[in-house]
Amino acid sequence: MERLQIALEKARAARGRTQPAPDAADPSVGLLKREGMEAATHKSEVDWTDLSPLEVDRKRLQRKRIATFDGGENSAPFDLLRTRVLQQARQHGWRRIALVSPHSGCGKSTTAANLAFSIARQREIHSITMDLDFRRAGLTDILGGSAPYGMADVLERRVPMADVVLRYGENTLFGLNTGTRTRTPSEILQSAQTSEVLKDIENSFAPDIMLFDLPPMLASDDNFGFLQNVDCALILVASEKTPMSQIDVTERHVAELTTVMGIVLNKCRYKSKTHSHEYDYY
Ligand SMILES: Nc1ncnc2c1ncn2[C@@H]1O[C@H](COP(=O)(O)OP(=O)(O)O)[C@@H](O)[C@H]1O
Ligand SMILES: [Mg+2]
């Protein structure tokens with residue numbers, strides 16, 4: 001796998017909104033806010049063990065560059081990203097994290113899946129990763145999902161989340177798509193109902209972290225309403241492909257809507273000289 005160079009910056013104060021998490025003051029919310037995470041129990045209305053399991057096709061996942069099941073060398077850059085993301089989430093009381101990019105092909109879906117499986121290895125952390133790119137079968141294709149209903153049906157309240165979501169182990173859920181294109185992706189993502197459904201999901205499933213795999217920023221207006229629902233966003237850019245001008249515009253758009261958690265330089269061919277590992281911070 002080409003290298004993942006990680007640039008997790010602090011939100012650029014001049015541009016980013018420094019909004020507190022919606023319920024950061026409530027100590028009962030989210031394991032990530034508590035001391036002694038191992039001792040905490042997961043208080044969810046829905047029993048996660050009742051949910052349908054994800055059928056894991058390891059060969060497919062390997063082909064799709066998912067490297068984080070068992071840890072090890074290939075997993076290391078994503079594990080580092082996971083740890084940095086979780087540290088920042090804990091520090092700021094953030095729970096909802098969007099993955100965005102200027103254009104398609106930057107690695108949002110690949111990173112979302114790798115992060116989800118990497119977080120899954122931290123058993124005390126419950127996470128839900130949702131495929132909300134209704135224009136492409138990104139995360140859904142990576143995981144090989146082919147359900148009759150998907151996240152668009154959940155957000156439009158046609159189907160309950162519990163009927164769509166797939167469970168990996170005891171602490172990781174995926175909300176995928178059907179593979180059929182949704183006619184109104186932008187309207188669904190921007191609707192007030194979507195905000196309500198997300199709150200309901202949070203209340204009933206009690207995740208510590210929610211990851212949202214989103215469409216590219218510069219191809220449509222899909223994300224513009226939705227990003228107001230998240231606590232922060234990670235911007236993925238493709239090394240040697242994404243022009244600086246697009247990174248700049250994307251960062252400005254994202255910062256107007258939520259906090260920029262960091263920028264991840266993906267698909268980097270060069271090894272860092274500063275670190276012995278295959279990633280770098282700046
Ligand atoms: N770090 C990486 N090194 C090499 N290829 C990658 C890397 N990350 C993603 N890819 C590949 O790039 C393509 C686009 O990735 P994807 O995650 O679908 O991007 P996006 O969701 O941003 O459109 C896929 O074929 C994926 O396997
Ligand atoms: Mg994608």
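**View 1. The exposed side of helix α8 in a predicted model.** A192, Q193, E196, K199 and N203 are exposed. They sit on the other side of α8 from its buried residues, in this predicted structure.

**View 2. The buried residues of α8.** Four names matter here: T194, L198, I201 and F205 are buried. Looking down the helix axis, the buried residues fall within an arc of 60°, so they line one face of α8. What covers them? Among the covering elements are strand β3 (127-131) and the helices α5 (151-155), α6 (161-164) and α7 (185-190).

**View 3. α8 from end to end.** The helix takes in residues 192-205, 14 residues in total. At 1.5 Å a residue, α8 should span 20 Å. Its end C-alpha atoms are 20 Å apart, so the expected span and the model agree. A206 follows the helix. The phi of A206 is positive, near 50°.

**View 4. Helix α2 packs against helix α3.** α2 covers residues 76-92, and α3 covers residues 108-120. Their axes are 9 Å apart. The packing angle is about 75°. Angles of 65 to 115 degrees count as roughly perpendicular, so α2 is roughly perpendicular to α3.

**View 5. Residues at the contact of α2 with α3.** From α2 come F78, D79, L81, R82 and V85. From α3 come N114, L115, S118 and I119. How do the residues of this contact divide into nonpolar, polar and charged? The split is 5 nonpolar, 2 polar and 2 charged.

How values were computed:
Residues are numbered from 1 along each chain as its sequence is written. Chains are lettered from A and ligands numbered from 1 in the order in which they are written. This is a predicted model: local features need pLDDT of at least 70, side-chain atom pairs count only at pLDDT 80 or more; totals for chains, interfaces and linings use all residues. Helices (H or I, at least four residues) and strands (E, at least two) are DSSP runs, numbered from the N terminus. The expected span of a helix is 1.5 Å times one less than its number of residues. A residue is buried if 20 or more other C-beta atoms lie within 10 Å of its own, exposed if 12 or fewer, and partly exposed in between; C-beta atoms are placed from the backbone. The arc is that of the directions from the helix axis to the C-beta atoms. Two residues are in contact if their C-beta atoms, placed from the backbone, lie within 7 Å. Axes are lines fitted to C-alpha atoms, for helices over the stretch in contact, and angles run from 0 to 180 degrees between N-to-C directions. Angles under 35 degrees count as roughly parallel, over 145 as roughly antiparallel, 65 to 115 as roughly perpendicular and the rest as oblique. Ala, Val, Leu, Ile, Met, Phe, Trp, Tyr, Cys and Pro count as nonpolar, Asp, Glu, Lys and Arg as charged, and the others, Gly among them, as polar.
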